[in-house]
Each structure stands twice: as C-alpha cells, then as structure tokens.
Amino acid sequence: MNIEVTKQTAVVREPGVLITDGPSAMDLLATVRYETGCSAMVLRKEQIDEPFFRLSTGLAGEVLQKFVNYHMKLAIVGDFSGYTSKPLQDFIRESNEGRHVCFQPDEGAALAWPERAGA
C-alpha cells in the first residue's frame, strides 16, 4: 500500500476507492496501523465510496465508528461544497468541531488537524 508518513500521520496515496463498506474500512485501518504505527490518517474523498456522503445509507456511521473504536483519527480531504444536503453539511461541521474525524479542503489543513484535536 502506498502510504506516506508526515507529522506522525499516515497519508494514504493509494489510487482508487479504498472504503466501500465497514470491512474495507477495517482492513484499511488495520493495514495503516500495522505498516506505520500511526494513530491518524488522511484520505482523499475520492478514496471513499460515494454512498458514504449520503447519510441515509448508514455507511458513514458504520465506517467512522470503526475509526473511533480503534482510536484512529481520520481527516478526509476534498471539496465538499457540491454536497447540498443540510444533514451532511451539519455532520461535516459537527465532525470538524470534534476530535475523531474532520473534513478539510486540503492536505495541509488535514495534517495540522490531529495536533489541534489532541493526537
């Protein structure tokens, strides 16, 4: 797996969709933890299957619960302005105020976040 460690955070550079369901999220989480020892990860939104961003599918909850349970902070990088769903916008805003997951516009902001969140 193509992973770069920057600021004690694993930046996953692997192309394609990596998270499609709970088991694929768990596989990625375990691989990153084993290969890097990091407790924070950065993914591009393109690496996560699109149903994740439709909260009614339950995929976001299933995936993010695994990250919380296994103490892995997750920063998702991308342009989220195209999503007009108010529940998703609220979810992104609330997540960014928390300590486990955030949605950032660029990698620089994503790499700074674990420090601010208490990684």
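How many helices and strands does the protein chain have? The protein chain of this predicted model has 4 helices and 5 strands. The legends below go from the whole chain to single residues.

**Figure 1. Overall fold of the protein chain, with its order of elements β-β-α-β-α-β-α-β-α.** The C-alpha trace spans about 35 × 30 × 25 Å along its principal axes. A compact globule of 119 residues would have a radius of gyration near 14 Å, and the 13 Å of the protein chain agrees with that. Among contacts between residues at least 6 apart in sequence, 72% join residues at least 24 apart.

**Figure 2. Surface and charges of the protein chain, which exposes about 6,200 Å².** Carbon and sulfur atoms supply 51% of this exposed area. Buried residues make up 43% of the 119 residues. The chain carries 12 positive and 16 negative charges, and the mean positions of the two sets are 5 Å apart.

**Figure 3. The largest nonpolar core, made up of 29 residues.** Met41, Leu43, Phe52 and Phe67 touch the most other members of this core. At least two core residues come from each of β2 (9–12), α1 (22–36), β3 (40–44), α2 (59–69), β4 (73–77), α3 (86–97) and β5 (101–104). Helix α2 gives the largest share, with 5 residues. Apart from this core lies another one of 8 residues, including Ala75, Val77, Cys102 and Leu111. In soluble globular proteins, nonpolar side chains tend to be buried together.

**Figure 4. Close-up of Phe52, one of the core residues that touch the most other members.** When residues up to four places away in sequence are not counted, Phe52 touches Leu59, Ala60, Val63, Leu64, Ile76 and Phe103. Two of these partners, Val63 and Phe103, have views of their own below. Val63 belongs to helix α2, whereas Phe103 belongs to strand β5.

**Figure 5. Close-up of Ile19, in the loop between β2 and α1.** Is this loop residue buried or exposed? Ile19 has a relative accessible area of 0% and is therefore buried. Neighbours within four places in sequence left aside, Ile19 is in contact with Ser24, Ala25, Leu28, Leu43, Gln47, Ile48, Asp49, Val63 and Phe67. One of these contacts, Leu43, is also among the residues that touch the most other members of the largest core. Asp79, 60 residues from Ile19 in sequence, is 18 Å away in space, C-alpha to C-alpha.

**Figure 6. Close-up of Val63, a residue of helix α2.** Val63 counts as buried because its relative accessibility is 1%, where buried means under 20%. Residues up to four places away in sequence not counted, Val63 touches Ile19, Asp21, Ala25 and Phe52. The C-alpha atoms of Val63 and Ala25 are separated by 6.0 Å, although the two residues are 38 residues apart along the chain.

**Figure 7. Close-up of Phe103, a residue of strand β5.** With a relative accessible area of 4%, Phe103 is buried. Which residues is Phe103 in contact with, leaving aside its neighbours within four places in sequence? The contacts of Phe103 are Phe52, Phe53, Ile76, Phe80, Phe91, Ile92, Ser95 and Asn96. Phe103 and Asp79 are 24 residues apart in sequence and 9.0 Å apart in space, C-alpha to C-alpha.

**Figure 8. Close-up of Gly61, a partly exposed residue of helix α2.** The relative accessibility of Gly61 is 48%. This value falls short of the exposed class, which begins over 50%. Between the C-alpha atoms of Gly61 and Gly22 the separation is 9.3 Å, with the two glycines 39 residues apart along the chain.

**Figure 9. Close-ups of two loop residues with positive phi, Lys7 and His71.** Lys7 is found in the loop between β1 (3–6) and β2. Phi of Lys7 is near 55°, a positive value in a residue other than glycine. At a relative accessible area of 57%, Lys7 is exposed. His71 sits in the loop between α2 and β4. Its phi is about 55°, and His71 is not a glycine either. His71 counts as exposed, at 64% relative accessibility.

Key
Residues are numbered from 1 along each chain as its sequence is written. This is a predicted model: local features need pLDDT of at least 70, side-chain atom pairs count only at pLDDT 80 or more; totals for chains, interfaces and linings use all residues. Side-chain values use heavy atoms; hydrogens and water are left out. The radius of gyration is taken over C-alpha atoms; the globule rule is 2.2 Å times the number of residues to the power 0.38. Buried means under 20% relative accessible area, exposed over 50%, partly exposed in between (1.4 Å probe, protein chains only). Contact means heavy atoms within 4.5 Å. Accessible areas come from the Shrake-Rupley method with a 1.4 Å probe; for residues, only the protein chains shown count as cover. Lys and Arg count as positive and Asp and Glu as negative; His and the chain ends are not counted. The place of a charge is taken as NZ of Lys, CZ of Arg, CG of Asp or CD of Glu. A nonpolar core is a set of buried Ala, Val, Leu, Ile, Met, Phe, Trp, Tyr and Cys residues joined through side-chain atoms within 4.5 Å.
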